[in-house]
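Here is a short tour of the model, strand by strand and then out to the whole chain. Have the viewer open as you read.

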Amino acid sequence: LETGNGSTFTVLENSLTTISSTGVLTLNNGRGYVTGLSLTDNGKINLTGVLQAGTLTVGSTGSIVGTGTVKNAFVNSGTVEALGGKLDLAKKVTGTGKMEIGANSTLELAIGAAQSANFLSSTGTLQLDKPAGFENQLIGGLQVGDTIDLVNTSVTAQPVVNGSTLT
């Protein structure tokens, strides 16, 4: 990706540090975005590949939407949404934001998250590679047809549903 004035260009990964609240960074066709710079997202990142920055922050008006892999641990005060396939969050997610799972999509949490997850349809999957890393978080919008995949976890007793709590 490059930005410029028509005669000189700068590789975007060497210069972009902030996406404004009206800004959109769209990475199509599996295009990755890897930089050593810090990146603050106050707008929208449409992701279909790998996203990795020196540090990554999703502000309260920011969002990451799509498929691919976010390689950073990051602070999310906005929205992260798996949409159109699998979105893998490879490191821990902290902050006050929200995570959403769209139709026919999978949100994979490799390490865990200090945030709740919300299903937006009846065909989503929440994949928890290390379920203990998601302890005490809420899962909303769960409908018949949605899946919660507790990777490498064996059920040793009949689950009990009490109101909206599964134990």
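## Strand S10 and its partners

Strand S7 (residues 44-47) runs parallel to S10, and four bridges join the two. One pair to look for is leucine 47, whose bridge partner in S10 is glycine 66. Keep in mind that this is a predicted model.

S10 also pairs with strand S8 (residues 50-52), again in the parallel sense, over two bridges. Here leucine 51 stands opposite valine 70 of S10. With strand S12 (residues 79-89), S10 shares seven bridges, and these two strands run parallel as well. Glycine 66 turns up again in this pairing, standing opposite alanine 82 in S12.

## How S10 is enclosed

How many of the residues of strand S10 (residues 63-70) are buried? Eight of the eight are, so the strand is largely enclosed by the rest of the structure. Both of its faces are covered. On one side sit the buried residues Ser63, Val65, Thr67 and Thr69, while Ile64, Gly66, Gly68 and Val70 are buried on the other.

## A five-strand sheet

Another feature worth tracing is an open sheet of five strands, in the order S3-S6-S9-S11-S13, with parallel pairing. Strand S3 (18-19) and strand S13 (93-94) stand at the edges with a single partner strand each, so one side of each has no neighbour in the sheet.

At the S3 end, S3 and S6 pair in the parallel sense over two bridges. Threonine 18 stands opposite threonine 40 in S6.

## Aspartate 41

Strand S6 (residues 38-41) also holds aspartate 41. This residue is buried yet has no salt bridge, and lysine 44, the nearest side chain of opposite charge, is 10.0 Å away. The backbone of lysine 44 is another matter: its nitrogen lies 3.3 Å from a polar atom of the aspartate 41 side chain.

Which residues does aspartate 41 touch, leaving aside its neighbours within four places in sequence? The contacts are Ile19, Thr57, Val58, Gly59, Gly62, Ser63 and Ile64. Ser63 and Ile64 are among the buried residues of S10.

## The chain as a whole

Stepping back, the chain has zero helices and 21 strands. Its radius of gyration is 17 Å, close to the 15 Å that the globule rule gives for 167 residues, so the chain is as compact as a globular protein of that length. Taken along the principal axes, the C-alpha atoms fill a box of roughly 65 × 25 × 25 Å.

Of the 167 residues, 40% count as buried. Among contacts with a separation of 6 or more, residues 24 or more positions apart account for 8%.

Methods:
Residues are numbered from 1 along each chain as its sequence is written. This is a predicted model: local features need pLDDT of at least 70, side-chain atom pairs count only at pLDDT 80 or more; totals for chains, interfaces and linings use all residues. Side-chain values use heavy atoms; hydrogens and water are left out. Buried means under 20% relative accessible area, exposed over 50%, partly exposed in between (1.4 Å probe, protein chains only). Lys and Arg count as positive and Asp and Glu as negative; His and the chain ends are not counted. A salt bridge is a side-chain nitrogen of Lys or Arg within 4 Å of a carboxyl oxygen of Asp or Glu. A polar contact is a pair of N or O atoms within 3.5 Å; within protein, one must be able to donate a hydrogen and the other to accept it, and residues adjacent in sequence count only if both atoms are side-chain atoms. Contact means heavy atoms within 4.5 Å. Two strands pair if DSSP finds at least two bridges between them. The radius of gyration is taken over C-alpha atoms; the globule rule is 2.2 Å times the number of residues to the power 0.38.
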